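Dear colleague,

I am passing on the structure we spoke about, so that you can have it open while you read. My notes on what was found in it follow directly below.

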Amino acid sequence: MNPHEPMVDTSRTSTSAATEPKTSKMTTPTTRRLFQPISLSVCILLLLLQLSTTSSFIAAFSRNSAPQRSQRRSHKKSQHRLPILPRRSTSNLPLRATPRPSTTTPPNSATSANGNGNGSSRSTNTATAKPRSGFAQTLLNLALSSPIWTYILVPQARATIVKTAEENGIPWNLAKKWLLKQMEASESVDEFGDVPYPEYYRKSFHAYPEGNLSYDAAVEQELASRAVGARNFPKYSNRGEDVFRGAFDAALLKLGAGIQQVLKEEEDENIIVDFGCGTGTSTRRLANQYPQATQLIGIDLSPYFIEVGQTLLKLSPSAIVVEDRESSMNTNNAQVNGWITDINSDDRIQLRQGDMANTYLPSNSVAVVNLSLVIHELPISATKQVIQEAYRILRPGGQLWISEMDFESPAYAAQRENALLFSLLRATEPYLDEYADGIPELREYIAELFDVVKISAATGRHFALLAEKGNFGGHAVLEDYRFREDGSYAIEDTHLKPWESKKNDLAEAEASA
């Protein structure tokens, strides 16, 4: 979504045509070797563009050539560890770390999404696109593993997201320069623990070769998030992310989330745990929404993300104000100080490095577990472990909140039908196909554990899910409100087209909202 831009030595890819007579058509063996893989990749992509317009052709290959998916994946913890990095002191923790007990085996059966007469539900009209496979997809995958992906498409993807930010009033370059300067001046107070990383976490994500285990990804996370918000709600420009996240908040409230249901003032501890918190964007938002919460714990495996998040909380910067795009692009402006949003320090917020599948928090101890745009980056088996851990630490009456992509929405289903477009997206999200296929299974798994499970549309391509822990051993009747009675999705899609970076026509934007 916000890939690191690789450096390209253009001198190696230039021909000698500029210095030789125009009549010469000779190329050196070195030049031929250099261009062969890229030329092949271009040809493959052009071929697949043609093939992708004929869905029946690819569907035929999919039916005849699709390999059987394995339902089991190994998730042995890797012994790979990062070097020791500085962090803020977390010695004053109100919750004692306790060994994680053995996980409880969930009930053996689940109620279907269509109900069984014991609760309200709505039938859904979904037509989920199947994952691409077969000969055509194999060629496309080869193209995406070739130099054309590294040297052309990744820089282009990065340029698009930066352009989206800058054209929507988000000072990407100025803010990044400021944050990097603050990180360099940051003092080391403590050290991160020696946390092992699951194998799935060590893959490349969002076109960063080191995935989430890098400062590049951590520093640019909130910048990219603002740009993505502008793409989801272009009518609101640089406020798009606020509207985007607000859509999930509103959907969860309609499903029953809120301080009246969960965060009771008379409770001694009203603790919210934010799984996969990144740099703490969602954690800070929850702190602003729920003043009755006594503590907010953000947990993320990446020490880089946690370090950036802790730095932002310590600095409590104000948002950069730029008058025009030209001043925003002027990274030599030494007078500019600040971040892309206002950040207020809050003593209730604690960002920890750790595995959200094994938090070591006491059982039955927290009011809310939040999972915001996280599980599409996990294998299904890892997501189940995370859901199980959330269930364990939630107290009776506690709630699990999930905000995610919905591949049963028409917008994402159509995107998945486009072989080239979805393959480009999947190349930066290694578990996206598994997530898209596994969502029905995950809903059933959640219904097995929890007593109440509700889901509704949040945007034209995202859902919000609320699950409440009770005392009756799960077997919830899933209440699905994502679709209207006529089978259409409950919310219209406002997302920009892949080639767009801004809605220049306000009337057009309002018409599509």
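I will begin with one pair in the sheet: Phe275 has Ile299, in β4, as its bridge partner. Please bear in mind throughout that this is a predicted model, and that the values below were computed from it.

The same two strands hold a further pair, in which Asp274 is matched with Gly298 of β4. Altogether, five bridges connect β3, which covers residues 271-275, with β4, which covers residues 295-300, and the two strands run parallel. As general background, strands of a sheet pair through backbone hydrogen bonds, in either a parallel or an antiparallel manner.

Stepping back to the whole sheet, eight strands make up an open arrangement with mixed pairing, and their order is β5-β4-β3-β6-β7-β9-β8-β10. Its edges are formed by β5 (349-353) and β10 (478-481), each of which pairs on one side only. From one strand to the next, the twist averages 15°.

β4 deserves a closer look. Six of its six residues are buried, so β4 is largely enclosed by the rest of the structure. In a regular strand, side chains alternate between the two faces of the sheet. In β4, Gln295, Ile297 and Ile299 point one way while Leu296, Gly298 and Asp300 point the other way, and all of them are buried. Helix α10 (residues 303-315) lies across β4 and β5, and it runs at about 160° to β5.

Another residue that comes up against this part of the sheet is Thr283, which is found in helix α9. Thr283 has a relative accessible area of 1% and is therefore buried. If its neighbours within four places in sequence are left aside, Thr283 is in contact with Asp274, Cys277, Leu296, Gly298, Ile349 and Leu351. Two of these contacts, Asp274 and Gly298, are the bridge partners already mentioned.

I turn next to the charged pairs, for which the count comes to 18 salt bridges. Side chains of opposite charge can pair when their charged atoms come close. Three examples seemed worth setting out.

- Arg245 and Glu241 form a salt bridge through their side chains, at 2.9 Å from N to O. Both residues belong to helix α8 (residues 240-255), where they are four residues apart, or about one turn of the helix. Arg245 counts as buried at 12% relative accessibility, and Glu241 is buried too, with a relative accessible area of 4%.
- Arg348 and Asp346 meet in a salt bridge between their side chains, at 2.8 Å from N to O. Asp346 counts as buried because its relative accessibility is 19%, the cut-off for burial being under 20%.
- Arg443 and Glu408 are joined by a side-chain salt bridge at 3.1 Å from N to O. Arg443 lies in helix α15 (residues 432-449), whereas Glu408 is in the loop between β7 (394-405) and α13 (410-417), so this pair ties together parts that are 35 residues apart in sequence. Arg443 counts as buried at 10% relative accessibility, and for Glu408 the value is 10%, which also counts as buried.

The last of these pairs is part of a wider arrangement, since a network of salt bridges links Asp406, Glu408, Arg443, Asp480 and Arg482.

Which residues lie nearest the centre of the second largest pocket? They are Arg226, Asp242, Arg284, Thr341 and Asp342, out of the 27 residues that line this pocket. The space in the second largest pocket is about 550 Å³. At least two residues of its lining are supplied by each of α7 (215-232), α8 and α9 (281-289). The largest share, five residues, comes from α9, the helix in which Thr283 is found.

For the protein as a whole, the secondary structure comes to 16 helices and 10 strands. Of the 513 residues in the protein, 51% are buried. Among the contacts between residues at least 6 apart in sequence, 81% join residues that are at least 24 apart.

With best wishes

Technical notes. Residues numbered from 1 in each chain as written. Predicted model: local features only at pLDDT ≥ 70, side-chain atom pairs only at ≥ 80, totals over all residues. Heavy atoms only, no water. Pairing = 2+ DSSP bridges. Axes fitted to C-alpha atoms, helices over the stretch in contact; angles between N-to-C directions. Contact = heavy atoms within 4.5 Å. Salt bridge = Lys/Arg side-chain N within 4 Å of Asp/Glu carboxyl O. Buried < 20%, exposed > 50% of the residue type's maximum accessible area, 1.4 Å probe, protein only. 1 Å grid on protein atoms, 1.4 Å probe; cavity = no way out; pocket = protein on both sides within 12 Å on 5 of 7 lines; lining within 4 Å. Points joined across faces, edges and corners; volume = space filled by probe spheres on them.
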